[in-house]
Structure formats: structure tokens, C-alpha cells
Amino acid sequence: MKAALLQLNAGDDPAGNLPRTTALIAQAAGQGAGFMLTPEVTNCVSQDRAHQTRVLQHEEDDITLAGLRKAAIQHDVWLSIGSLALKTHEPDGRFANRSFLIDPAGQIVARYDKIHMFDVTVSETETYRESAGYRPGERAVVADTPFAKIGLSICYDVRFAYLYRALAQAGAAVLLVPSAFSPVTGAAHWEPLLRARAIETGSYVLASAQTGTHAAQAGKPRQTYGHSMAISPWGEVLLDLGAEPGVGLVDLDLRSVAQSRKRIAALSHDRPFEGP
């Protein structure tokens, strides 16, 4: 299977972001990719809750989800929508950060809501409280496809190794980490974390990312790190897209997953322990 990582510089206007995303899908399909991956918050990069309330939609009404399902049908491809920011019907009004796996018939094969909320103080001037606007998910998800079992995750999840171990032990051979990573933490931690998750589990790690300074109609423009990456089951960097929007292709050979797990069978070496 040839996979295409789409690196986006999405703004806070979902209607404006959609045609740029579908254009990259068409480009990747023309290069022979059968599995497309978009980053976190493909539809809307925004830190302004009032603006999000105005422009975000519920899943059943979301124009990005509908448009990308049509694109999967048009190009006959599997599509991972890294995540969409969506309204929910929760009483507290918080949004969902939700990933979708779409088959070539445009059907939703799997959904995953981001479990770990990005509530951090990177510096005195860079603070995030994702849980203020988004409610966390509660369920890990492994999805079946004809080419591999896929483990779903989103961005900050990557810091919680036990999630990926559970996904791999449930059969996932390919782990997805769509992201909108902070430039500061990205430069320090992005590649080491992705490589660690691949090495620990003997899995492919595919991480499509947002990049650059994101256009904002409301609030302060956000910046993200970029560097969408594909990591082999042995921990090798197969692809690094750098800082510009675009498409990167990588060939997935699932035999390398079996080979890596045979060489180091760490997934089967769990032992009970006490303490500390």
C-alpha cells in the first residue's frame, strides 16, 4: 500500500480549507496513493472559542466530512481524516476532536475521539487548555482495513505510551498520530516521540501535521510545527515533510512489522509487578 501524508496550513474558515485539502488528495491519488492521511483539525485551526461556536458544525452537518467522503469515493481511496473539530450535543457545549477512517465507498469505518487533552504551559506566553473547549474521548480504537489493522490516536496522545502498546497488542500494525503540534515542543519532542512509539510496538507510525502560521478571522493566529513523518517499525524515519504544506508518499510493507516484532517480541513480554 502506498500512503500519502497531507501536510496542511489550515485557517479558521472550514469552507476555505476544504478545497485545498481535496486538491492535495487529488494530487496524491495521481501519484498512486491508495491511503490518504490528513492532520488534526483538518477543518478549522482556531483558538477562539466564540469563533469556533459560530463556524463549527455537528458531525451530521459538517461540510468537511461530507466533502472528504466524496473525495474518497471520487479517487477510490482509503482516507484517514486526522481529526475534525465538531460540535456535540453535550450539555456543557464542549466540542469533540474526532478522527474518522473512510473507505473507498465513502463509508465511515471508524471514529475516534481524542482521549488526552492538551492542557499545558509551554512557556509564560504559550498556554493551552484544550479541555476548556473539548471533551475527552474514553475509548481506544483499532480499525480493520484490507491492508492493515489501524490504531487511531491524535496529537497529545503520543505522550502516553500505554495507549499505543494497547493498540498494538490489539492487532494494530499501523499507528496514526495526526497532529497540530506546538513549534516549541515539536522541535524538542516530535521526532523522538514518534520514533519511540514505533520502536516500542514494532509498528509503522504515520503522522500528518498542520504547519506554519494559520490564517485567523478571529483571535490570535496559531503556529504549528509541521514535519509530517512516517516511521518504520524499526524506528527509521522514512519521510519528513519539513515545514511547507504538501504531500509526501511512503510505501507500507507489512512484512516489516512481523519481522520487527519477531526480532524483538516486547509486546508479549509483559510481567506483573508491584509498587513503587
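A residue counts as buried when its relative accessible area is under 20%. Met 117 has a relative accessible area of 11% and is therefore buried. The model in which this value was computed is a predicted one. Met 117 sits in the loop between strand E5 and strand E6 (119–121). Leaving aside neighbours within four places in sequence, Met 117 is in contact with Glu 130, Ser 131, Tyr 134, Arg 135, Pro 136 and Tyr 156. Trp 234 lies 117 residues away from Met 117 along the chain, and the two C-alpha atoms are separated by 29 Å.

Two open sheets are described next. One has six strands in the order E5-E4-E3-E2-E1-E16, with mixed pairing. Its edges are strand E5 (108–113) and E16, each of which pairs on one side only. Neighbouring strands of this sheet are turned by 20° against each other on average, direction ignored. Helix H3 packs on the sheet and touches E3, strand E4 (96–102) and E5. The direction of H3 makes about 175° with that of E3.

The pairings within this sheet can be followed strand by strand. E1 and E16 are antiparallel and share six bridges. One residue pair is Gln 7 with Gly 246, the latter in E16. E2 and E3 run parallel, with three bridges between them. Here Leu 37 has Ser 80 of E3 as its bridge partner. E3 and E4 are antiparallel and are joined by six bridges. Ala 85 is bridged to Asn 97 in E4. Nine of the nine residues of E3 are buried, so this strand is largely enclosed by the rest of the structure.

Helix H1 spans residues 14–30 and has 17 residues. From its first C-alpha to its last it reaches 25 Å, close to the 24 Å expected at 1.5 Å a residue. The buried residues of H1 are Pro 14, Gly 16, Asn 17, Leu 18, Thr 21, Leu 24, Ile 25 and Ala 28. Among the strands, these buried residues pack against E1 (2–7), E2 (35–37), E3 (78–86) and E16 (246–251). Among the helices, they pack against H2 (49–55) and H3 (63–75). Just after H1, Gly 32 takes a positive phi of about 95°.

The other open sheet also has six strands, in the order E8-E9-E10-E11-E14-E15. Its pairing is mixed. Strand E8 (142–144) and strand E15 (237–240) are the edge strands, each pairing on one side only. On average, neighbouring strands of this sheet are turned by 20° against each other, direction ignored. Helix H6 (residues 183–201) packs on the sheet. H6 touches E10, strand E11 (204–207), strand E14 (229–231) and E15, and its direction makes about 30° with that of E14.

Strand E9 (residues 149–151) and strand E10 (residues 174–176) run parallel, joined by two bridges. Gly 151 has Leu 175 of E10 as its bridge partner. E14 and E15 pair in the antiparallel sense over three bridges. Met 229 is bridged to Asp 240 in E15. E14 and E15 form a hairpin with five residues between them. Gly 235, in the turn of this hairpin, has a positive phi of about 95°.

The analysis of empty space gave both pockets and cavities. The largest pocket holds about 310 Å³ of space. Its lining comprises 19 residues, of which Ser 46, Arg 49, Tyr 128, Glu 130 and Arg 222 lie nearest the centre. H2 and strand E7 (127–129) each supply at least two residues of this lining. E7 gives the most, with three residues. One cavity of 30 Å³ or more was counted. The largest cavity has about 40 Å³ of space. It is lined by Phe 118, Cys 155, Tyr 156, Ala 180, Phe 181, Ser 182, Thr 185 and Arg 222. Arg 222 thus appears in the lining of the largest pocket and in that of the largest cavity. Two contacts of Met 117, Glu 130 and Tyr 156, recur here. Glu 130 is among the residues nearest the centre of the largest pocket, and Tyr 156 lines the largest cavity.

Methods:
Residues numbered from 1 in each chain as written. Predicted model: local features only at pLDDT ≥ 70, side-chain atom pairs only at ≥ 80, totals over all residues. Heavy atoms only, no water. Helix = DSSP H or I, 4+ residues; strand = E, 2+ residues; numbered from the N terminus. Expected span 1.5 Å × (residues − 1). Buried < 20%, exposed > 50% of the residue type's maximum accessible area, 1.4 Å probe, protein only. Contact = heavy atoms within 4.5 Å. Pairing = 2+ DSSP bridges. Axes fitted to C-alpha atoms, helices over the stretch in contact; angles between N-to-C directions. 1 Å grid on protein atoms, 1.4 Å probe; cavity = no way out; pocket = protein on both sides within 12 Å on 5 of 7 lines; lining within 4 Å. Points joined across faces, edges and corners; volume = space filled by probe spheres on them.
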